[in-house]
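The following paragraphs lead through one protein model, from its overall make-up to individual residues. Please keep the sequence and the structure in view while reading.

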Amino acid sequence: MLLAGFAVLVLASPYRMHRIFGYMDPWSDPFGSGYQLSHALIGLRPRRVAGRRARRERREAPLLPEAHTDFLLAVLAEELGLAGVAAVIALFAWIVARAFAIAREARSRDRHFAALAAQGIGIWLGAQAFINMGVNMDCCRPKA
């Protein structure tokens, strides 16, 4: 039912259909509908361990002009390089691990609601980070 409703919403609006198909193949229109994703992938391409900010490089226009959107990992990769991306992933892993450690401690004190709340928050933050990083790295769409 949910997939059918999603399909109807996408097919009913040309704007939505254009966005979905632009995401499926960002390189078909890299300066139009696929601009943000294609430039995010360029920003994530392998360079050096340190990004341009650490190397003190100056550039007139960054790769991602809409840096305030969901592509924060690509901006971090462009600015801070592999070291910055690894630090962000490590911090998210640490937050999730701490949430589960809090849940274990709460469970040992027979505080079941607090344990479930901590586990839920850990799973929620970890899943959102994983999905967002996957979108930034173009891992979530089917490959042709």
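Histidine 18 offers a place to begin: this residue is found in helix H2, which covers residues 14-24. Helices (H or I, at least four residues) and strands (E, at least two) are DSSP runs, numbered from the N terminus. The model is a predicted one, in which local features need pLDDT of at least 70 and side-chain atom pairs count only at pLDDT 80 or more, while totals for chains, interfaces and linings use all residues. Residues are numbered from 1 along each chain as its sequence is written, and side-chain values use heavy atoms, with hydrogens and water left out.

Histidine 18 counts as partly exposed because its relative accessibility is 48%; the term buried applies under 20% relative accessible area, exposed over 50%, and partly exposed in between (1.4 Å probe, protein chains only). In sequence, histidine 18 and glycine 34 are 16 residues apart, and their C-alpha atoms are 9.9 Å apart in space.

The protein chain as a whole has five helices and zero strands, so that its elements read α-α-α-α-α from the N terminus on. Of its 144 residues, 27% count as buried. Among contacts (heavy atoms within 4.5 Å) with a separation of 6 or more, 54% are between residues 24 or more positions apart. The chain exposes about 10200 Å², of which carbon and sulfur atoms supply 69%; accessible areas come from the Shrake-Rupley method with a 1.4 Å probe, and for residues only the protein chains shown count as cover.

Helix H4 deserves a closer look. It comprises residues 72-108 and spans only 38 Å between its end C-alpha atoms, whereas a straight helix of 37 residues would span 54 Å at 1.5 Å a residue. The expected span is 1.5 Å times one less than the number of residues. Where does H4 bend? The bend is at leucine 80 and amounts to about 130°, taken as the angle between axes fitted to the seven residues ending there and the seven starting there.

Glutamate 78 also lies in helix H4. Is this glutamate 78 buried or exposed? It counts as buried, because its relative accessibility is 2%. Glutamate 78 and alanine 40 are 38 residues apart in sequence, yet 8.9 Å apart in space, C-alpha to C-alpha.

Further along the chain, arginine 109 forms a salt bridge with glutamate 105, with 2.8 Å between the closest N and O atoms. A salt bridge is a side-chain nitrogen of Lys or Arg within 4 Å of a carboxyl oxygen of Asp or Glu, and by this rule the count comes to one. Arginine 109 counts as exposed at 55% relative accessibility, while glutamate 105 is partly exposed at 39%.

Aspartate 110 lies in the loop between H4 and H5. Although not a glycine, aspartate 110 has a positive phi of about 60°. With a relative accessibility of 59%, aspartate 110 counts as exposed.

The last feature is a nonpolar patch on the surface, formed by Leu91, Phe92, Trp94, Ile95, Ile121, Trp124 and Leu125, with about 730 Å² of accessible area together. The elements that give two or more residues to this patch are H4 and helix H5 (112-136), and H4 gives the most, with four residues. Patches are made of residues with over 30% relative accessible area and no salt bridge, like charges being joined within 9 Å and nonpolar side chains (Val, Leu, Ile, Met, Phe, Trp, Tyr) within 5 Å. Leucine 125 is found in helix H5 and is partly exposed, with a relative accessible area of 36%.
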